[in-house]
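Reader: I have just opened this model and would like to understand the words people use for it. Could you take me through them, one at a time?

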Amino acid sequence: MKKESSPGSSQTGWYLLFMAWIVVTTATLGSLFFSEVMDISVCELCWYQRITMYPLVLILAVGLFPYDPGVVRTAGPLATIGWFIALFQTLLIAGIIPEAVRPCVQGIPCSESHLSLLGFLNIPTLSLITFSLVGVCIFFTSRMESS
Amino acid sequence: MNRKPLFLTGAGLIILGFVVAAVLYQNNQSTFWGGQDQGVFERQGAPVKGPANARVTIVEFFDPACGTCADFYPFLKQIIDQYPGKVRVMMRYAPLHTGSDEVVKMLEAAHRQGKFWQALELLFKNQRRWITGHVSQPMRARGLLNGLALDHKRLDSDMNGHEVTSAIQMDIEDGQSLGIKATPEFFVNGRPMPSFGLRQLKQLVKDAVEESY
């Protein structure tokens, strides 16, 4: 049976969603910076991740005003799908998934890493971190509101 | 803190961060172009239109299969005519389309016989006949060139000769070091367009002419 959530939990829930929104908005503008300002070509897998990431900016914002924890039902699946694609691409670049399963066109291979920050952070890893953070925030929001 | 101001502050900060980063990056890029070795822009022996002693050189990295390159071609001629004796155009190969690597070999081989521009115009005019679904069909392009007064035997042997392939290789390498990912890409006396467009190209040429003469 569903209990009423306490005012304290919805306060924390709101901040968790807000954090997820901050993360996803930063990542969205960051990815636009890479493609539009730095002119880095966008590969196929990157597009799939964008498809799941960009809507979260609006979906989470709508869930914040007025606060509606039900937004996790929409945001959760998107973040999960994005997370798996990011994981796949990160493993592809790391060479853990073999070359034969590379799904990308010749022009812009997804297994090529364009950018490396601090020696290990490439774009798909950043994407994986983003989806993980968003996933954690969404997960705890939903736990908090259902407990 | 109230939720709405917090949200608006967050949004504002992220957007501000984006704008500042973009401006800083653009400024950094213009320093990058200024610091480029002039040698990467031009190649001795590359096809040139316009007087050899012109002080303004437009270098175009192009792909014969690129529709926009064909669209720009008449305007390039216009620009050269607009500043008689002052502007020349150098063409460099950037075969980005599948199959274009073979077609640029034909152009470079035709260039060895002084027929680069005729061959290029023919290919640009008839792009539909030798490109299907953005993929170059080298055999069809070769067929078109049969209409030109060329030593065809020599063209075919030159195409795979060392001189032709090494000239193309050099263009590809210079293009890569200049970060060329799309065609056409223009450099006017080593300066790139601030953003892509005919107006920007014309402005760049105008500035260069005013500086040089």
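Author: Happily; below we go through helix pairs, a sheet, some backbone details and the contact between the chains. Please keep in mind that this is a predicted model.

Reader: Let me start with helices H2 and H9 of chain B. What makes H2(B) roughly parallel to H9(B)?

Author: The axes of H2(B), residues 67-82, and H9(B), residues 198-212, cross at roughly 25° and come within 12 Å. Angles under 35 degrees count as roughly parallel, and therefore H2(B) is roughly parallel to H9(B). As for handedness, H2(B) passes H9(B) in a right-handed crossing.

Reader: Which residues make that contact between H2(B) and H9(B)?

Author: From H2(B) come Phe72(B), Phe75(B), Leu76(B), Gln78(B) and Ile79(B), while H9(B) brings Leu198(B), Leu201(B), Lys202(B) and Val205(B). Sorted by class, the contact of H2(B) with H9(B) has seven nonpolar residues, one polar and one charged.

Reader: Now to chain A. Why are H2(A) and H4(A) called oblique to each other?

Author: The axes of H2(A) and H4(A), the latter being residues 123-146, cross at roughly 45° and come within 12 Å. An angle of that kind is outside the roughly parallel range, which ends at 35 degrees, and outside the roughly perpendicular range of 65 to 115, so H2(A) and H4(A) are oblique to each other. The crossing of H2(A) and H4(A) is left-handed.

Reader: What meets what in H2(A) and H4(A)?

Author: Gln49(A), Thr52(A), Met53(A) and Leu56(A) in H2(A) meet Ser127(A), Thr130(A), Phe131(A) and Val134(A) in H4(A). The class count for the contact of H2(A) with H4(A) is four nonpolar, four polar and no charged residues.

Reader: Back in chain B, how do H3(B) and H4(B) cross?

Author: The axes of H3(B), residues 100-111, and H4(B), residues 116-125, cross at roughly 145° and come within 7 Å. On the H3(B) side the contact has Val103(B), Leu107(B), Ala110(B) and His111(B), and these meet Phe116(B), Ala119(B), Leu120(B) and Leu123(B) in H4(B). By class, the contact of H3(B) with H4(B) holds seven nonpolar residues, one polar and no charged ones.

Reader: Let us turn to the strands. What makes S1 and S7 of chain B edge strands?

Author: Five strands of chain B form an open sheet with mixed pairing, in the order S1-S3-S2-S6-S7. S1, residues 48-49, and S7 of chain B each pair on one side only, and they are the edge strands.

Reader: How do you know that S2(B) and S6(B) pair?

Author: Two strands pair if there are at least two bridges between them. S2(B), residues 56-62, and S6(B), residues 185-188, have four bridges and pair in the antiparallel sense. As an example, the bridge partner of Glu60(B) in S6(B) is Phe186(B).

Reader: And how many bridges join S6(B) and S7(B)?

Author: S6(B) and S7(B), the latter being residues 191-192, pair in the antiparallel sense over two bridges. In S7(B), Pro192(B) is the bridge partner of Phe187(B). The hairpin of S6(B) and S7(B) has two residues between the strands.

Reader: What is notable about phi of Asn189(B)?

Author: Phi of Asn189(B) is near 45°, a positive value in a residue other than glycine. To find Asn189(B), look in the loop between S6 and S7 of chain B.

Reader: Where are cis peptide bonds found?

Author: One joins Phe65(A) and Pro66(A), with omega about -10°. Pro66(A) lies in the loop between H2 (44-64) and H3 (72-94) of chain A. Another joins Thr183(B) and Pro184(B), with omega about -5°. Pro184(B) is in the loop between H8 (162-177) and S6 of chain B.

Reader: Finally, how many residues does the contact take from each chain?

Author: It takes 15 residues from chain B and 20 residues from chain A. The area buried between chain B and chain A is about 1600 Å², with 78% given by carbon and sulfur atoms. Of the area that chain B buries against chain A, Arg3(B), Phe7(B) and Ile14(B) supply 43%, more than any other three residues.

Methods
Residues numbered from 1 in each chain as written. Chains lettered and ligands numbered in written order. Predicted model: local features only at pLDDT ≥ 70, side-chain atom pairs only at ≥ 80, totals over all residues. Heavy atoms only, no water. Axes fitted to C-alpha atoms, helices over the stretch in contact; angles between N-to-C directions. Parallel < 35°, antiparallel > 145°, perpendicular 65-115°, else oblique. Left-handed = near helix turned anticlockwise from the far one by under 90°. Contact = heavy atoms within 4.5 Å. Nonpolar A, V, L, I, M, F, W, Y, C, P; charged D, E, K, R; others polar. Buried area = accessible area lost by both parts, 1.4 Å probe.
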